[in-house]
Amino acid sequence: MRVQFDLGDIQVTSIESSSGIFISQSNIMNGWRSQIKLNSGLGEVGNQNKLENFISIVSDDDNVDTPMVNNSMWIENNIKTSDSDININFNEIKVDLLDTNATISIGESTQSGWASQIKGNLGNGQFFGDNVLADSLNVIKDDDIIDAPVQQRLINFSPTTETG
């Protein structure tokens, strides 16, 4: 089988946690998991903003903050795909930001058991573009007894099916 992809340009602003762009006839993604807790005093600020004379306070004083259990599944792939002639053509791939566990995958791929656990406190949040921040105060209070404990549990599965 002959497959031809002519894609031109790919432009992406952001690829978020545990996600991606996959270009191929065969992609196998198994057991991906992402857990995020984010406290932000201001949030996301886009382009062309002027922020001045403000106070941002994040108070996150838990006894146990953000307990996470990672039940990722690792699948070993011994599956052989049929031989084929695949051509993928594009001028460029432009990505401004790849976040945690993010990927651009071109060609056949197998990606198992990706996991990320994120806990964050942002006083200002996230700024994108041209912004002005003046005369401001940010306070983060995060007096946890236990902060973001992660328990790992890995499940392994190995199929041996062949196709083609």
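Student: Which residues does Gly43 touch, not counting residues up to four places away in sequence?
Tutor: This is a predicted model, where local features need pLDDT of at least 70, side-chain atom pairs count only at pLDDT 80 or more, and totals for chains, interfaces and linings use all residues. Numbering runs from 1 along each chain as its sequence is written, and side-chain values use heavy atoms, with hydrogens and water left out. A contact means heavy atoms within 4.5 Å. With that sequence filter, Gly43 touches Asn124, Gly125 and Gln126.

Student: How far apart in space are Gly43 and Asn124, C-alpha to C-alpha?
Tutor: Gly43 is in the loop between strand 4 and strand 5 (44-45). Strands (E, at least two residues) are DSSP runs, numbered from the N terminus. In sequence, Gly43 and Asn124 are 81 residues apart; C-alpha to C-alpha, the distance is 6.9 Å.

Student: Is Gln35 buried or exposed?
Tutor: Gln35 is in strand 4 (residues 33-40). Its contacts, beyond four places in sequence, include Met68, Ser116 and Ile118. The cut-offs are under 20% relative accessible area for buried, over 50% for exposed, and partly exposed in between (1.4 Å probe, protein chains only). Gln35 has 16% relative accessibility, so it counts as buried.

Student: Which side chains make a polar contact of 3.0 Å with Asn121?
Tutor: Asn121 is in strand 14 (residues 115-122), and at 18% relative accessibility it counts as buried. A polar contact is a pair of N or O atoms within 3.5 Å; within protein, one must be able to donate a hydrogen and the other to accept it, and residues adjacent in sequence count only if both atoms are side-chain atoms. The side chain of Asn121 makes one such contact of 3.0 Å with Asn39 and one of 3.0 Å with Asp142.

Student: Which element gives the largest share of the largest nonpolar core?
Tutor: A nonpolar core is a set of buried Ala, Val, Leu, Ile, Met, Phe, Trp, Tyr and Cys residues joined through side-chain atoms within 4.5 Å. The largest has six residues: Ile10, Val12, Ile15, Ile21, Ile23 and Ala102. Strand 1 (2-15) and strand 2 (19-23) each give two or more of them. The largest share, three residues, comes from strand 1.

Student: Which core residues are among those that Ile21 touches?
Tutor: Residues up to four places away in sequence are not counted. The contacts of Ile21 include Thr103, Ile104 and Ser105. Among its contacts from the core are Ile10, Val12 and Ile15.

Note on methods
Helices (H or I, at least four residues) and strands (E, at least two) are DSSP runs, numbered from the N terminus.
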